[in-house]
Structure formats: C-alpha cells, structure tokens
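Here is a small set of exercises to work through with the model open beside you. Try each task first, then follow the solution step by step.

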Amino acid sequence: MVSPPGLAGLNTPAPNIPYFTPHHRQSPGTPRNPSAPHIPTLFTPLKIRNAILRNRIVVAPMCQFSTAPEGPSIGALTDYHIATLGHYALKGASLVFVEATGVQPNGRISAYCPGLWDDSQIEGLRRVSDFVKSQGALSGIQLAHAGRKASVAAPWVAGSTTTHKASLRADKDQFGWPDDVVGPSGGIEHTWDGLGLKPEGGYWPPRALTVAEIQELVGDWARAAKRAVAAGVDVIEIHAAHGYLIHQFLSPVTNRRTDEYGGSFEGRVRLLLEIAAAIRREIPEGMPLFVRVSATEWLEGTEVEQQYGSWTVDDTIRLAKLLPGVGVDLLDVSSGGNHPRSKLNGLRDKELPTDYQTKNAARIRRELKKEGINLLVGAVGLITEPEQARDLLEADQLLAKEAEDAKNATNAKDGAEPAADIVLVARQFMREPEWVLRVAWKLGVEVAWPNQFLRVRFPRL
C-alpha cells in the first residue's frame, strides 16, 4: 500500500544518516507551544555562537571505559556509545558530550578510554555524532589528558580486588604505560595518592614534561579539535578539572615548575590559555568552545594548602576573566580531584549539600556579570531534581540563601541574576535516560517526545 503524499511527508528521514531514522515532528525536549506563558528558562533555547541548544539541559561527559585497548580500533568509539549517548539525545537532552577523550595515547585515564590522536578514530566519533544530531541534539566532545592520573584500570576492575581499591595501576601486561605517565612536575612524591610504588597504591609516579613536550601537547590538542570538526562535532570542551593534566598545571599543589609554565598564576594558567587559543584557531568561528574547571580543590585550611597553596574559587574567577580573550564561550564549573586530602575525599553524595558545587558557579557568574564579562557559566554536581534544575537558571536562590539578612534574602529574587546559564547532568542520566522528559512533566511543561515514544507520553498533570 502506498501512503498518500501528504501523509508520507510526515514520516521523512532524518538527514545525513545512511539508514532510516525518522525526522521528529518536533524536536524532543522542546515546549510544544513555545509561546505558552510561564515556560521556565530551563526549557528555552540558548544560542552560543552559531549553535542553538534546544533547551538548557546538557549531558556532561561520563567515563565508560568501553573502547578497545589495542589494535586497529584502539580508542575508537563503538556501537555502545551510539546506544548510550544516542538515547540521551533521543529523549530530549540539548547537548550530549562524549567522555574525556585523550589527545595523546598516554593521555587516556585507562587503556579502555577513547582517544582522538589519530585520523583512524574520526569515523567512530562521526557515527556517534551523526546519530546524536539526527535526534535534534548537539554533539560535543571533551578533549583531555589525564596526566599523573593515567594508566589505571577500569573502576570495576579495581573494585573487584580483595582490597576493593578505588584505583588500580595498569602495567604493560594490562595495556598500561607506567613509564610514560607525565605531569607538570615529576618524581615519586608526585604520585596522586602519595603512596608512590607501595603495594597499596593505585597510581604511577609521573615524570615531568619538558617544555618541548608541553608545546607538542598544545599542538596535539589543536589537532584533536580539528579531527572533531571533521567528525561533525558541534561543541568542544577542554578538560581542565578533576586533577587531570591541565588542572595539575593550574594548581600550586602539583605544579612546582620554575620555568614559564609554573611559579606564578600567569605561568600556571599559560598551558590552558595556549591550548584554548590553539583550538580556536583550528575550529570554525561559529563553533562553541567550553572549558571545565575545578573551581576549588577543597584544600582550604589543610596542611597541604599551608605548605603549597591551592587552587581556589578566587583563582577560578581570575582565570574566567581571561577566557573570552582566547575564544572560550562557557565555563563548566566543577570541583576537586587533585589531591587525596581534599575535604570531600571519601564523602558520599548523601553526605554533601546539594549546592556544594553549584554555589561556586553562582558566585563566579555574579563576579563576571559585575565586570560585564561575556562568559556563560554551566552548573554541575548533584543536580537530580526538576525544581533544583529549574531554580538554578532563574533568580539566584543560592546567593539569596547566603544573605545574612532574611529580608534581603526574600527580596534578592527581584532583579537577581541566575546561578548559571545551563545545567550539566551526568549520573542522573545514567539512572534515567528520559530525565529531560520527566523534568518537564514534573514542572508542568508540555514538551515534544520522540515520534516512537508518543504512545507512552506522561499524562498531563
């Protein structure tokens, strides 16, 4: 039976895909009536350069340890990544990030992490990106180098040992590279967990990078970005958080260099600024560039900070003011990861206040706005509830809570700035791939669903 032309036009294929997947009648996760009153900012579009996010909910990068550790497909994304990342796009997320992707082979966290140091890895990324975009989302990739936290086993391997270790060194017989773990500074005392090569340790001692190697790194980041563009990626994020290589350069705890890449604040931020500038030269002018940072190392008041100093929110604000000058569009505000004596080390999610990270994003955004600096801010960390996500993008409730005067706190909503411009969510998407749709339902926003799921759409509240 041949469908009438008018009806056939309602089931057109999504473009640029070598197989049939229907073009959605309306992009999932967008309000069915965009002009309806009282739509939260969370469900409004955001334009960043030439890219348009269909809402403000972004899937943050999440390590999956699921690529080949050797052979011709080493580091390449697979159908597993299409299945997982594609599902988040199908269910309404606006931007879906591929996890931390090594710009050099020794920049992977584990041998099972993805890479983009070779042209052979472009095709796997292209397949993921194409599917994500066919569902109406933007595709993103986080380019990274693990530094002294590299060459470890997948976490479920470490956790399966008799000691249930959080991390386990990967030696050469486990596809690791113990002799090529690097950092801004080197030596056994710079091992991440401070345990050196003791049996109970979980990391390798790093060797210090030379200036020539640092400059090669800058070029490798730019070349990886160029490959991402070739794969059709829409957004690139530089990973400068969580104790990985760029964070190691930023922090006086881990950067003891005395050359132009160490010492002063200007020396310690040099690598990040050079990488951002190099990437911006390689990517289209209309392509957004993000940076993820650890706003604080949570070492304030510790013996570590007393001895070496630490990276703080004040440092992050100072850095943030420099980022637009090298072409960065958004600061993704996370925290921690650079030292085992962090105040948060060992704490579980339920032991943390839900705003432990998002309040830093709010403070940074407020300081930028005061000086008229045009840099968007993303909030991340324990964002699990619809109302919580909504309020972060409305009047700044976080800063209002911190006001000393209760009356001022009540009135702070009037004319106040949001805490952030987007929310980045990770673990909640792993629990609930349909989280965007559930958030809209709980907030009373009628949004479009994927064509194939219309029959199971949540009932109206």
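**Exercise 1: Around the barrel**

In this predicted model, β3 and β4 form a parallel pair held by two bridges. Your task: find which strands make up the closed barrel, and in what order.

Solution.
- Step 1. Begin at the β3 and β4 pair, where V59 has V96 in β4 as its bridge partner.
- Step 2. Move on from β4 to β5: these strands run parallel and are joined by seven bridges. One place to look is G102, which stands opposite A144 in β5.
- Step 3. From β5 (residues 138-144), four bridges lead to β8, again with the strands parallel. Here Q142 stands opposite E237 in β8.
- Step 4. Five bridges then connect β8 with β9 (residues 289-294), and this pair is parallel too.
- Step 5. Put together, the order is β3-β4-β5-β8-β9-β10-β11-β12, a closed barrel of eight strands with parallel pairing. On average, neighbouring strands of this sheet are turned by 30° against each other, direction ignored.

**Exercise 2: The two faces of a strand**

Take strand β8 (residues 235-240) and work out which residues point one way and which the other.

Solution.
- Step 1. Recall the general pattern: in a regular strand, side chains alternate between the two faces of the sheet.
- Step 2. Sort the residues of β8: V235, E237 and H239 point one way, while I236, I238 and A240 point the other way.
- Step 3. Check the burial, for which the cut-off is under 20% relative accessible area. Six of the six residues of β8 are buried, so by this cut-off the strand is mostly covered.
- Step 4. Follow one face to the neighbouring strand: I236 has L289 as its bridge partner in β9, and A240 stands opposite V293 in β9.
- Step 5. For another covered strand, turn to β4 (95-102), where eight of eight residues are buried.

**Exercise 3: Helices on the sheet and on each other**

Describe how helix α5 (residues 211-230) and helix α7 (residues 265-282) pack: at what angle do their axes cross?

Solution.
- Step 1. Place α5 first: this helix lies across β5 and β8 and runs at about 160° to β5. A similar exercise can be done with α2 (residues 79-90), which lies across β3 and β4 at about 145° to β4.
- Step 2. Choose the descriptors: two packed helices are described by the angle between their axes and the distance between the axes.
- Step 3. Apply them: the axes of α5 and α7 come within 8 Å and cross at roughly 35°. The crossing of α5 with α7 is right-handed.
- Step 4. List the residues that meet. From α5 these are I214, V218, W221, A222, A225 and K226, and from α7 they are L271, E274, I275, A278, I279 and E282.
- Step 5. Sort them by character: nine are nonpolar, none is polar and three are charged.

**Exercise 4: Residues in loops**

Is S251 buried or exposed? Place N33 and L197 in the same way, by loop and surroundings.

Solution.
- Step 1. S251 sits in the loop between α6 (245-250) and α7. Its relative accessibility is 0%, so S251 counts as buried.
- Step 2. Beyond its neighbours within four places in sequence, S251 is in contact with R268, E297, W311 and N338.
- Step 3. N33 belongs to the loop between α1 (5-8) and β1 (46-48). With 41% relative accessibility, N33 counts as partly exposed.
- Step 4. Compare sequence with space: N33 and V447 are 414 residues apart along the chain, and their C-alpha atoms are separated by 8.0 Å.
- Step 5. L197 lies in the loop between β6 (182-183) and β7 (207-208). Leaving aside neighbours within four places, its contacts are R169, I188, W204 and P205. From L197 to K370 there are 173 residues in sequence and 48 Å in space, C-alpha to C-alpha.

**Exercise 5: Where to trust the coordinates**

Over which residues does pLDDT stay under 50?

Solution.
- Step 1. Start with the whole protein chain: the average pLDDT is 93, and 93% of the residues score at least 70.
- Step 2. Find the exception: over residues 402-414, pLDDT stays under 50. For this stretch the model has six contacts beyond four places in sequence.
- Step 3. Draw the conclusion: where pLDDT is low, predicted coordinates should not be read in detail.

How values were computed:
Residues numbered from 1 in each chain as written. Predicted model: local features only at pLDDT ≥ 70, side-chain atom pairs only at ≥ 80, totals over all residues. Heavy atoms only, no water. Buried < 20%, exposed > 50% of the residue type's maximum accessible area, 1.4 Å probe, protein only. Pairing = 2+ DSSP bridges. pLDDT = per-residue confidence, 0-100. Contact = heavy atoms within 4.5 Å. Axes fitted to C-alpha atoms, helices over the stretch in contact; angles between N-to-C directions. Left-handed = near helix turned anticlockwise from the far one by under 90°. Nonpolar A, V, L, I, M, F, W, Y, C, P; charged D, E, K, R; others polar.
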